[in-house]
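Work through the exercises below with the sequence and the model side by side. Try each task on your own before you read its solution.

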Amino acid sequence: MVEVTVTPQSSVADRAVQIRVRGLSPSQLVTLRAWLKDEQGECFQSRAFFRADGAGEVDPGLHAALGGSYSGVWPMGLFWFLQPDTLFRRLVKRDVAGSPFRVRLEVFDGLCLGADPREQPLGSCEAERWYVGPGVQRVPVREGRVRGALFLPP
């Protein structure tokens, strides 16, 4: 059974996480895909191709991506290289305190170039990426023509 894990599963968006895939065959070629839907329902995704090591594991922090959205060793590459399905869209988080982005991570056998809905992933998991840490207070700022928000730590 193939297992995909993100550690920690819930974290602040600027914190690095560790992605690992276990249970693959040694030297198996796989596609690791990350995707999310923003607050308007727009889909953003990235993918990278990996060859599993001798133990049947893939760790983007140790193993080089062979291609896809990026190549080389990028521990956070699947998050950093998210691209919109619709051209000229930007990934923007409006409700920074109320909800996280939920990033779905999936692993597919072989090279998976498209998002074929009939193709089932070998394994998957979900990561929460928050933009405001626990206990942080948001204070609106309105002084003259200045508008903004002040985020105060607990």
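**Exercise 1.** Find the strand in which Gln83 lies, and determine which residues distant in sequence Gln83 touches.

*Solution.* Start with the secondary structure, where helices (H or I, at least four residues) and strands (E, at least two) are DSSP runs numbered from the N terminus. Gln83 belongs to strand S7, which covers residues 83-84. Next, look for contacts, meaning heavy atoms within 4.5 Å: once residues up to four places away in sequence are set aside, Gln83 touches Cys43, Phe44 and Gln45. Then take the C-alpha atoms of Gln83 and Gln45, which are 5.3 Å apart in space although 38 residues separate the two in sequence. Finally, consider accessibility, for which buried means under 20% relative accessible area, exposed over 50%, and partly exposed in between (1.4 Å probe, protein chains only). With a relative accessible area of 47%, Gln83 is partly exposed.

Two remarks on the source apply to every exercise. Residues are numbered from 1 along each chain as its sequence is written. The model is predicted, so local features need pLDDT of at least 70 and side-chain atom pairs count only at pLDDT 80 or more, while totals for chains, interfaces and linings use all residues; side-chain values use heavy atoms, with hydrogens and water left out.

**Exercise 2.** Describe the order of helices and strands along the protein chain, and state how much of the chain is buried.

*Solution.* First count the elements: the protein chain has one helix and 11 strands. Reading along the sequence then gives the pattern β-β-β-β-β-β-α-β-β-β-β-β. Turning to burial, 38% of the 154 residues count as buried.

**Exercise 3.** Identify the residues that touch the most other members of the largest nonpolar core, and list the contacts of Leu78.

*Solution.* Begin with the term: a nonpolar core is a set of buried Ala, Val, Leu, Ile, Met, Phe, Trp, Tyr and Cys residues joined through side-chain atoms within 4.5 Å. The largest such core has 28 residues, of which Val21, Phe50, Leu78, Phe79 and Leu105 touch the most other members. Among the elements that each supply at least two residues of this core are strand S3 (18-22), strand S5 (43-51), helix H1 (77-80) and strand S8 (101-109). Now follow Leu78, which, leaving aside neighbours within four places in sequence, is in contact with Ile19, Leu32, Ala34, Ser46, Arg47, Ala48, Tyr70 and Leu105.

**Exercise 4.** Determine how many disulfides the structure holds, and examine the surroundings of Cys43 and Cys125.

*Solution.* Apply the criterion first: a disulfide is a pair of cysteine sulfur atoms within 2.5 Å. By this test the structure holds zero disulfides. For Cys43, the nearest cysteine sulfur is that of Cys112, 13 Å away. The sulfur of Cys125 has its closest cysteine sulfur in Cys43, at 16 Å, which is too far for a bond. As for accessibility, Cys43 counts as buried because its relative accessibility is 15%, and Cys125 is likewise buried, at 12%.

**Exercise 5.** Locate the cis peptide bond, and then decide whether Ser27 and Phe88 are buried, partly exposed or exposed.

*Solution.* The cis peptide bond joins Thr7 and Pro8, with omega about -10°, and Pro8 sits in the loop between S1 and strand S2 (10-12). Ser27, in the loop between S3 and S4, has a positive phi of about 65° although it is not a glycine, and its relative accessible area of 42% makes Ser27 partly exposed. Phe88, in the loop between S7 and S8, has a positive phi near 70°, and at 80% relative accessibility Phe88 counts as exposed.
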